[in-house]
Amino acid sequence: MIMRKILVTGGSGYIGSVLIRRLLEKGYGIRVLDIGFFGHESLHDVKDKIELVEGDIRLAGKDIFKGMSAVIHLAGFSNDPTAEYRPKENFSVNVDGTRHVVNFAKESGVEKFVFGSSCSVYYTTNPDNMEKNEDHFITPTVPYALSKHMAEDIVLDAGDASFIPVVFRKGTVYGLSPRMRYDLVVNALLKDAFTSKKMILHQGGRMWRPLLDIESAASAYIYAIEHDISGIFNLVDSNVLVSDLADRICAILKEIYNEDISIEKIDVGVARSYRVSGDKLRQHGFRPPREFRKAICEMWDDLLKRGDIHHEKYYNIRTFEKLFPNHSNN
Ligand SMILES: NC(=O)c1ccc[n+]([C@@H]2O[C@H](COP(=O)([O-])OP(=O)(O)OC[C@H]3O[C@@H](n4cnc5c(N)ncnc54)[C@H](O)[C@@H]3O)[C@@H](O)[C@H]2O)c1
């Protein structure tokens with residue numbers, strides 16, 4: 001089955017703006033629907049090759065879905081701090097917004113619907129560090145993870161012979177994007193190494209995290225629209241202890257750039273720790289497209305050129321605090 005026209009919601013965001021370039025390289029026609037919380041600069045150099053619709057997914061008309069073979073649904077609140085800052089909006093966008101998009105996509109004859117969920121659904125306040133697979137019973141409690149889990153059910157329940165749903169539970173993503181985020185663990189550690197030659201590890205870095213290269217994420221979305229897969233898949237390249245992650249980053253920076261970065265372990269912060277298996281998608285033949293060190297070097301080379309790394313646009317919660325300064329439990 002050859003698919004040509006793809007709607008990417010949230011396409012101006014961190015993952016979407018990398019994915020769109022990879023889709024364009026493969027000859028897909030692209031329509032983006034994005035409210036533009038972080039602007040649309042990330043798509044500036046490809047704006048003549050795509051159709052960009054600025055708007056809220058909850059208000060999207062049915063026309064936006066017409067003629068699309070697949071929808072890749074990335075729009076929404078995308079981390080814990082923003083979801084906790086505006087909890088009602090988080091559920092409205094991530095749950096009701098997803099229902100709206102799913103319904104119109106299905107009614108419009110979209111064949112494949114790929115949803116960007118998160119490994120955060122596995123996180124509990126009582127972590128056991130057991131590696132979780134897709135069959136693991138989950139009971140998310142915090143607003144972001146709960147909204148993602150509720151949205152997963154909406155997407156999966158809509159599936160039938162002509163509407164194929166795929167849910168990707170992504171690990172924490174790292175790597176360079178035209179819409180950069182420095183509020184994700186690898187990117188944040190690298191940014192700290194760059195600005196202060198030091199990485200500070202909360203809870204002594206004793207937390208496990210499932211990680212995912214942004215290029216793996218983009219490849220997996222394309223894999224999903226080009227292959228006969230459906231259902232839930234964890235999208236994880238590797239699980240690492242944050243202290244080991246910091247050691248790996250230090251070793252790469254020493255070897256390639258002769259940088260001496262120190263590591264300080266402190267016992268404050270929240271120990272969000274979980275391990276997630278990416279075996280199911282790998283058993284389908286999916287492979288990450290590049291090595292960890294390539295992603296690190298690409299980001300470091302970019303940091304050497306980038307002058308504004310403290311700008312709020314790189315930190316979702318700081319952007320939200322600026323956009324919605326008078327939040328009152330909304
Ligand atoms: N980045 C990660 O590590 C990670 C990990 C797991 C899951 N995810 C999920 O993947 C998706 C993309 O993540 P990202 O890192 O690119 O996030 P991002 O915050 O950079 O991008 C999200 C995009 O969605 C748009 N958006 C938000 N609400 C909208 C609305 N109501 N209508 C239309 N557009 C809206 C924003 O403007 C933004 O461009 C999110 O759903 C996120 O929850 C991300």
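**Close-up views of a predicted model**

**Figure 1. Lining of the second largest pocket.** The residues that line the second largest pocket divide into 4 nonpolar, 3 polar and 4 charged. The model shown here and in the views that follow is predicted. The volume of the second largest pocket is about 160 Å³. Its lining is made up of Ser12, Phe38, Gly39, Glu41, Ser42, Pro178, Arg179, Met180, Arg306, Lys313 and Tyr314. Under the classes used, Phe38, Pro178, Met180 and Tyr314 are the nonpolar residues of this lining. The charged ones are Glu41, Arg179, Arg306 and Lys313. Ser12, Gly39 and Ser42 count as polar.

**Figure 2. The shell around the ligand.** The ligand has 32 residues around it, and Ile15, Asp34, Ser78, Tyr144 and Lys148 come nearest. By class, this shell holds 13 nonpolar, 13 polar and 6 charged residues. Strand 5 makes the greatest contribution to the shell, with 3 residues.

**Figure 3. Contacts with oxygen atoms of the ligand.** Leu74 has a backbone N or O atom 2.9 Å from an oxygen atom of the ligand. For Gly76, a backbone N or O atom lies 3.5 Å from an oxygen atom of the ligand. Tyr144 takes part through its side chain, a polar atom of which lies 2.6 Å from an oxygen atom of the ligand. On its own the ligand has 830 Å² of accessible area, and the protein covers 98% of this. Two or more residues of the shell come from each of helix 1 (14-25), strand 5 (112-118), helix 4 (143-157) and strand 8 (172-174).

**Figure 4. A buried serine in helix 6.** Ser216 sits in helix 6, which spans residues 214-226. Its relative accessible area is 0%, so Ser216 counts as buried. The side chain of Ser216 is joined to the side chain of Asp237 by a polar contact of 2.9 Å. Asp237 is also among the residues that line the largest cavity, shown in the next view.

**Figure 5. The largest cavity and its lining.** The count of cavities of 30 Å³ or more comes to 1. The volume of the largest cavity is about 50 Å³. The residues lining the largest cavity are Leu212, Asn234, Leu235, Val236, Asp237, Gly278, Leu281, Arg282, Phe286 and Pro288. Strand 11 (231-235) and helix 8 (279-283) are the elements that give two or more residues to this lining. The lining of the largest cavity has 6 nonpolar, 2 polar and 2 charged residues. Asp237 and Arg282 are the charged residues here, and Asn234 and Gly278 count as polar.

**Figure 6. Two loop residues with positive phi.** Lys197 is in the loop between helix 5 (185-196) and strand 9 (198-201). The phi angle of Lys197 is near 55°, a positive value in a residue other than glycine. Lys197 has 36% relative accessibility and therefore counts as partly exposed. Gln203 belongs to the loop between strand 9 and strand 10 (208-213). For Gln203, phi is near 50°, again a positive value in a residue other than glycine. Is Gln203 buried or exposed? Gln203 counts as buried because its relative accessibility of 18% is under 20%.

**Figure 7. Tyr315 beside Asp183.** Tyr315 is placed in the loop between helix 9 (292-305) and helix 10 (316-323). With a relative accessible area of 7%, Tyr315 is buried. Along the sequence Tyr315 and Asp183 are 132 residues apart, whereas their C-alpha atoms are 5.3 Å apart in space.

**Figure 8. Ala246 and Leu189.** Ala246 is part of helix 7, residues 242-257. Ala246 has 0% relative accessibility and so counts as buried. The C-alpha atoms of Ala246 and Leu189 are separated by 7.3 Å, and the two residues are 57 apart along the chain.

**Figure 9. Leu201 and Glu54.** Leu201 lies in strand 9. At 1% relative accessibility, Leu201 is counted as buried. Leu201 and Glu54 are 147 residues apart in sequence, and the distance between their C-alpha atoms is 38 Å.

Definitions and conventions: Residues are numbered from 1 along each chain as its sequence is written. This is a predicted model: local features need pLDDT of at least 70, side-chain atom pairs count only at pLDDT 80 or more; totals for chains, interfaces and linings use all residues. Side-chain values use heavy atoms; hydrogens and water are left out. A residue is near a molecule or strand if one of its heavy atoms lies within 4 Å of it. A polar contact is a pair of N or O atoms within 3.5 Å; within protein, one must be able to donate a hydrogen and the other to accept it, and residues adjacent in sequence count only if both atoms are side-chain atoms. Accessible areas come from the Shrake-Rupley method with a 1.4 Å probe; for residues, only the protein chains shown count as cover. Helices (H or I, at least four residues) and strands (E, at least two) are DSSP runs, numbered from the N terminus. On a 1 Å grid over the protein atoms alone, a cavity is a set of points where a 1.4 Å probe fits but cannot get out, and a pocket is an open set with protein on both sides within 12 Å along at least five of seven lines; lining residues have an atom within 4 Å of a point. Grid points are joined across faces, edges and corners, and a volume is the space filled by probe spheres set on the points. Buried means under 20% relative accessible area, exposed over 50%, partly exposed in between (1.4 Å probe, protein chains only).
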